[in-house]
Amino acid sequence: MKLVFNRKDFLEAINIGGCYAGNRKVLPILECVKITVKNNKCTILSYDDMNAIKTSCNIISSDEDIVFCINKADIESYVNLLRDETFEMKVEVIGEEANKEKKMKATIYTDTGTMEFPVEDAKWYPTLQQESDAETFTMPAQTLGYWIVKGNPFLKEDELQPVFECLHLFIQENNIHAFAFDSIKMYHDFCETESNLKTILSIPRNSFKGIREALKKENEVTIKNGKNNIIIKCENSMLLIRKMEMKVPNFFQLLQYKDRFTVRVDKRTILLCLLKAINIFEKPITGNISLSFTEEGITISATNWGGNKNYTEKIYAEGGQAICQNFNAIQMRTAIDAISTDNIEICPTGERALLKIKNPEYDSEVTMICPMVK
């Protein structure tokens with residue numbers, strides 16, 4: 001069986017289709033990608049026991065249909081080193097004996113040499129089943145990709161509470177709302193949709209890598225919310241994501257907190273102040289800062305655990321009232337950095353209540369953070 005690929009096309013396809021192949025797999029064969037060639041069309045698939053991704057791969061020629069599995073890291077690293085624009089791969093059975101499992105190998109030929117790799121029989125690769133009865137809607141691929149990038153810092157690994165590991169999409173009233181929440185801070189944004197569905201789906205963080213790669217050149221995606229799986233279909237790729245059991249909170253309740261006042265500040269200025277404050281702590285992840293609001297602006301202050309380093313700086317801005325709140329410095333930086341504008345609006349809802357950080361250009365985007373109570 002002889003296959004001829006364009007080197008660049010193959011590497012692009014295996015980068016997407018091989019996203020979920022790698023280390024620490026339940027089954028050794030999941031280190032491999034499954035390559036299927038049928039009617040001179042090729043697909044590459046990988047699976048990690050929770051997520052699967054399949055993408056099409058351009059192929060110059062094939063002399064017959066074949067399905068086989070090959071170690072993703074091996075084939076990708078070698079093809080990446082080739083100089084030729086195209087390469088030839090020959091897949092064949094070797095050393096087949098009676099009453100024994102057949103062995104296969106793949107040989108890559110170039111003008112100057114060859115490279116052989118072991119090949120696994122595709123019959124040992126898990127078979128994935130799609131659900132035919134699923135709620136379906138479409139949305140802009142760029143928006144989903146943006147939410148995954150922005151929401152990811154607001155999630156954390158928590159096996160006991162998987163709700164903190166997922167980007168949650170609420171489809172209702174012709175809108176798609178995105179929430180990412182880790183019990184301390186939250187990201188929210190929404191966009192319009194033509195769908196009249198009312199449903200909730202939760203996309204786990206461990207699937208983000210494959211989704212980001214699949215969406216790079218897409219304009220629109222179709223999402224199917226099945227009973228056991230989420231299916232994301234692009235023009236050239238498809239993802240199958242196993243759903244996690246969890247109870248999703250009503251995040252909309254947090255949006256109902258009323259702003260006490262609004263202070264608009266330069267995002268870069270306040271991030272620089274936070275960085276200065278963070279630098280006084282030996283372990284920045286544990287460092288706390290104080291935000292003191294007045295009618296004249298915001299005073300940011302911090303003291304290290306030894307009490308021998310103190311930082312204070314004032315940002316002049318109008319519209320504030322006398323409120324003082326304490327926050328984890330790293331968490332605050334994450335909440336501010338997620339807003340994609342030069343200026344941000346900081347809106348306390350109370351001295352002991354959450355703080356909102358808004359995008360003044362798009363009222364759909366907001367982050368929230370809970371104060372630290374001393």
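Which residue of β14 stands opposite phenylalanine 170? In this predicted model, the residue opposite phenylalanine 170 is isoleucine 200 in β14. The two strands concerned, β11 and β14 (residues 199-204), run antiparallel and are joined by 6 bridges. The following paragraphs describe the chain as a whole and then return to this region.

The protein chain contains 7 helices and 25 strands. Along the principal axes, its C-alpha atoms fill a box of roughly 85 × 50 × 35 Å. Of the 374 residues in the chain, 50% are buried. Contacts between residues at least 6 apart in sequence were also considered, and 65% of these join residues at least 24 apart.

Strand β11 covers residues 166-172, and 6 of its 7 residues are buried, which leaves the strand mostly covered. Besides its pairing with β14, β11 pairs with β12 in the antiparallel sense over 5 bridges. In that second pairing, leucine 169 stands opposite alanine 178 in β12. Alanine 178 is also among the residues that leucine 169 touches when residues up to four places away in sequence are not counted. The other residues touched are Leu144, Trp147, Ile176, His177, Thr199, Ile200, Leu201 and Ile203.

Strands β11 and β12 form a hairpin with 2 residues between the strands. Glutamate 173 is found in the loop between these strands, with β12 spanning residues 175-181. Although glutamate 173 is not a glycine, its phi is positive, at about 50 degrees. Glutamate 173 has a relative accessibility of 69% and therefore counts as exposed, since the cut-off for that class is over 50%. A further positive phi occurs in the loop between β12 and β13 (185-192), where serine 183 lies. The phi of serine 183, likewise a residue other than glycine, is near 85 degrees. Because its relative accessible area is 35%, serine 183 is classed as partly exposed.

Leucine 169 also has a place in the largest nonpolar core, which holds 67 residues. Within this core, Leu144, Leu169 and Met332 touch the most other members. Helix α6 (residues 267-278) gives the most to this core, with 6 residues. A second, separate core consists of 30 residues, including Leu3, Phe10, Ile75 and Met104.

Another part of the chain with paired strands centres on β23. Strand β23 spans residues 343-348, and 5 of its 6 residues are buried, so the strand is largely enclosed by the rest of the structure. β23 pairs with strand β18 (residues 263-266) in the antiparallel sense over 4 bridges. In this pairing, aspartate 266 stands opposite asparagine 343 in β23. Strand β24 (residues 355-358) also runs antiparallel to β23, and 4 bridges join the two. Here isoleucine 346 stands opposite isoleucine 357 in β24. β23 and β24 form a hairpin with 6 residues between them. In the turn of this hairpin, glycine 350 has a positive phi of about 155 degrees.

The loop between β2 (32-38) and β3 (41-47) contains asparagine 39. With a relative accessibility of 60%, asparagine 39 counts as exposed. The C-alpha atom of asparagine 39 is separated by 7.7 Å from that of glutamate 64, a residue 25 places away along the chain.

Finally, the second largest pocket was examined. Its volume is about 350 Å³, and 16 residues form its lining. Glu12, Ile16, Thr55, Lys217 and Asn236 are the lining residues that lie nearest the centre of the pocket. At least two residues of the lining are supplied by each of α1 (7-17), β4 (51-57) and α4 (208-215). Among the contributors, α1 gives the most, with 5 residues. By residue type, the lining of this pocket divides into 4 nonpolar, 6 polar and 6 charged residues.

How values were computed:
Residues numbered from 1 in each chain as written. Predicted model: local features only at pLDDT ≥ 70, side-chain atom pairs only at ≥ 80, totals over all residues. Heavy atoms only, no water. Buried < 20%, exposed > 50% of the residue type's maximum accessible area, 1.4 Å probe, protein only. 1 Å grid on protein atoms, 1.4 Å probe; cavity = no way out; pocket = protein on both sides within 12 Å on 5 of 7 lines; lining within 4 Å. Points joined across faces, edges and corners; volume = space filled by probe spheres on them. Nonpolar A, V, L, I, M, F, W, Y, C, P; charged D, E, K, R; others polar. Pairing = 2+ DSSP bridges. Core = buried A, V, L, I, M, F, W, Y, C linked by side-chain atoms within 4.5 Å. Contact = heavy atoms within 4.5 Å.
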